[in-house]
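Colleague: Hey, got a minute to walk me through this one? I'd like to know what to look at.

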Amino acid sequence: MMDAAPVEITLIGGPTVMIEIAGIRLVTDPTFDPPGPHPSGAVKLEKTEGPALSTEEVGPVDAVLLSHDQHADNFDQAGRRFAENAKVVLTTDAANRRLGGNSVGLKPWRSYRLGGRNGLTVVATPARHGPPGAERTLGDVTGFVIQSAAKKDLIYVTGDTVFYDGVAEVARRYKPDVVIAFAGAARTRGPFNLTMGNNDLLELASVFRGARIMTVHNRGWKHFTEGPDSVAAAAEIFAPQGQVQSLVPGRKLVLSVDSGTPPSDPHAN
């Protein structure tokens, strides 16, 4: 059965994660450009780390889970070319209108089936890219819940969001084994976070009590203000041992999804 299959998670870099479940391969927010400056709307972002895996090493995927298309640190030029070769790109309605082609727009709580009867279901979830009102400037964003064929909640991918009522509602509706949290406390437009900081991560740990919180998108760009070391320090004080950790680029994490108990992992910081 699907629920007994391992879940394999590999951080490629930034928000780009490869997820493999029972022969189905997914990639979140593909970013494969080399380090350097990246214009993104009204700001210029500086990338400091390249991807741990190339597009050739990743190979073909069944779906791209794209939280949003309007920022270069979530969807760069090489990532766009990669997404064009995926079977489907699941994203926001706004991004779907801009991308066309193989993209499908999903409003919050709408779902999409991958892999047929014994495959996966991907459910779009609310996300807000910053403080109240950020949508007017930064645009729409989505997260995703990945469910097995038996409707078991496997993984919640937050997308670029802060912790707010929409994320709390995800916790009320779903009980995933793993939460992939886009963190970094990104700041590009003022003294406020556009993505989750340590306080938000601890909120996640509180509402997703049975889940393992794995942080990504908190290294490799200059606009991140809280990195893996900061996550580790906060988690050591406030979170249950091992619940909140940062993934390491290029190292595959293999998890069993038939248990709600987070296993230990030597590859995470």
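**Charged pairs and a helix**

Modeller: Sure. Lysine 47 and aspartate 76 are both buried. Keep in mind that this is a predicted model.

Colleague: OK, and what do the side chains of lysine 47 and aspartate 76 do together?

Modeller: They meet in a salt bridge, at 3.9 Å from N to O. That pair links distant parts of the chain, 29 residues apart. Lysine 47 sits in strand 5 (residues 43–47), while aspartate 76 is in the loop between strand 6 (63–65) and helix 2 (77–84).

Colleague: Why would two side chains like that pair up at all?

Modeller: Side chains of opposite charge can pair when their charged atoms come close.

Colleague: Got it. How many salt bridges does the structure hold?

Modeller: There are 11. Another one joins the side chains of lysine 152 and aspartate 177, at 3.5 Å from N to O. Lysine 152 lies in the loop between strand 11 (143–147) and strand 12 (153–157), and aspartate 177 in the loop between helix 5 and strand 13, so this pair ties together parts that are 25 residues apart in sequence.

Colleague: Is aspartate 177 buried or exposed? And what about lysine 152?

Modeller: Aspartate 177 is buried, with a relative accessible area of 10%. Lysine 152 counts as partly exposed, because its relative accessibility is 24% and the buried label needs under 20%.

Colleague: Which residue does arginine 172 form a salt bridge with?

Modeller: Glutamate 169, with the closest N and O atoms 2.8 Å apart. Those two are three residues apart in helix 5, so about one helical turn separates them.

Colleague: Why does that spacing matter for direction?

Modeller: An α-helix has 3.6 residues a turn, so residues three or four places apart point the same way. As for accessibility, arginine 172 is exposed at 57%, and glutamate 169 is partly exposed at 23%.

Colleague: Which residues are joined into one network by salt bridges that share partners?

Modeller: Glu8, Glu20, Arg25 and Lys252.

Colleague: Switching topic: which residues of helix 6 are buried?

Modeller: In helix 6 (residues 198–207), those are Asn198, Asp200, Leu201, Leu204 and Ala205. They cover an arc of only 160° around the axis, so they end up on the same side of helix 6.

Colleague: And what do the buried residues of helix 6 pack against?

Modeller: Two helices, helix 5 (165–173) and helix 7 (228–238), plus strand 13 (178–182), strand 14 (212–216) and strand 15 (244–246).

Terms used. Residues are numbered from 1 along each chain as its sequence is written. This is a predicted model: local features need pLDDT of at least 70, side-chain atom pairs count only at pLDDT 80 or more; totals for chains, interfaces and linings use all residues. Side-chain values use heavy atoms; hydrogens and water are left out. Buried means under 20% relative accessible area, exposed over 50%, partly exposed in between (1.4 Å probe, protein chains only). Helices (H or I, at least four residues) and strands (E, at least two) are DSSP runs, numbered from the N terminus. The arc is that of the directions from the helix axis to the C-beta atoms. Contact means heavy atoms within 4.5 Å. A salt bridge is a side-chain nitrogen of Lys or Arg within 4 Å of a carboxyl oxygen of Asp or Glu.
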